Amino acid sequence: MMNNFEVIAGSGVPQSDLPFSPAIRAGDYVFISGQASVDEHGKIITDSFTEECRRSFQNLGKILLAAGLDFSDVVQVRNYVGSQEDLLAFNQIYREFFNMPFPARTTIIGCLGTMLKFEVDAIAYAPK
């Protein structure tokens, strides 16, 4: 059965050998998979929380750009913060990428294990 989904990919969009697409356009929405502190080949880059968080949002921005969108098109964000102690820094960095009106948001704390300090996924509104 054919669907009307479009995989979002392009130059600069982080790739992975894992079985998922970086993003999928379905109708008027783009669903963006979790973005972490990785290079363009999907290799994890461990760093301070602030650097991992910024790199994750920068990777989100690369996917938005490949879809012809930007952060102002994001309507919902899910954030995964490794430690409660990083919430203040997270909220400061979040404001570097999102402005009023802020997207709907969920923040989940302490679920990442030992490898990552932060991950983010999002849904953007992209009417054709």
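User: Before we get to the pocket, what counts as a strand here?
Analyst: Strands are DSSP runs of E with at least two residues, numbered from the N terminus. Keep in mind that this is a predicted model. One run that fits the definition is residues 29-35, strand β3.

User: Which strand gives the most to the lining of the largest pocket?
Analyst: The lining of that pocket is made up of 15 residues, with S16, F20, G34, V38 and G42 nearest the centre. By class, eight of the lining residues are nonpolar, six polar and one charged. Three residues come from the top contributor, and that strand is β3.

User: How much space lies in the largest pocket?
Analyst: Picture the pocket with its 15 lining residues around it. The space inside comes to about 270 Å³.

User: How many bridges join β2 to β3?
Analyst: These two strands form a hairpin with two residues between them, and G27 in the turn has a positive phi of about 65°. A23 sits opposite I32 of β3. The strands run antiparallel, and the number of bridges joining them is four.

User: What is the bridge partner of V7 in β2?
Analyst: Strand β1 (residues 6-8) runs antiparallel to β2 (residues 23-26), with three bridges between them. For V7, the partner is I24.

User: Is N59 buried or exposed?
Analyst: N59 sits in helix α1, residues 49-66. Further off in sequence, N59 touches P14, Q35, A36 and V38, and its side chain reaches the backbone oxygen of A36 at 2.9 Å. The cut-off for buried is under 20% relative accessible area. N59 has 2%, so it counts as buried.

Key. Residues numbered from 1 in each chain as written. Predicted model: local features only at pLDDT ≥ 70, side-chain atom pairs only at ≥ 80, totals over all residues. Heavy atoms only, no water. Buried < 20%, exposed > 50% of the residue type's maximum accessible area, 1.4 Å probe, protein only. Polar contact = N/O pair within 3.5 Å; in protein donor to acceptor, adjacent residues only side chain to side chain. Contact = heavy atoms within 4.5 Å. 1 Å grid on protein atoms, 1.4 Å probe; cavity = no way out; pocket = protein on both sides within 12 Å on 5 of 7 lines; lining within 4 Å. Points joined across faces, edges and corners; volume = space filled by probe spheres on them. Nonpolar A, V, L, I, M, F, W, Y, C, P; charged D, E, K, R; others polar. Pairing = 2+ DSSP bridges. Lists of a residue's contacts leave out its neighbours within four places in sequence.
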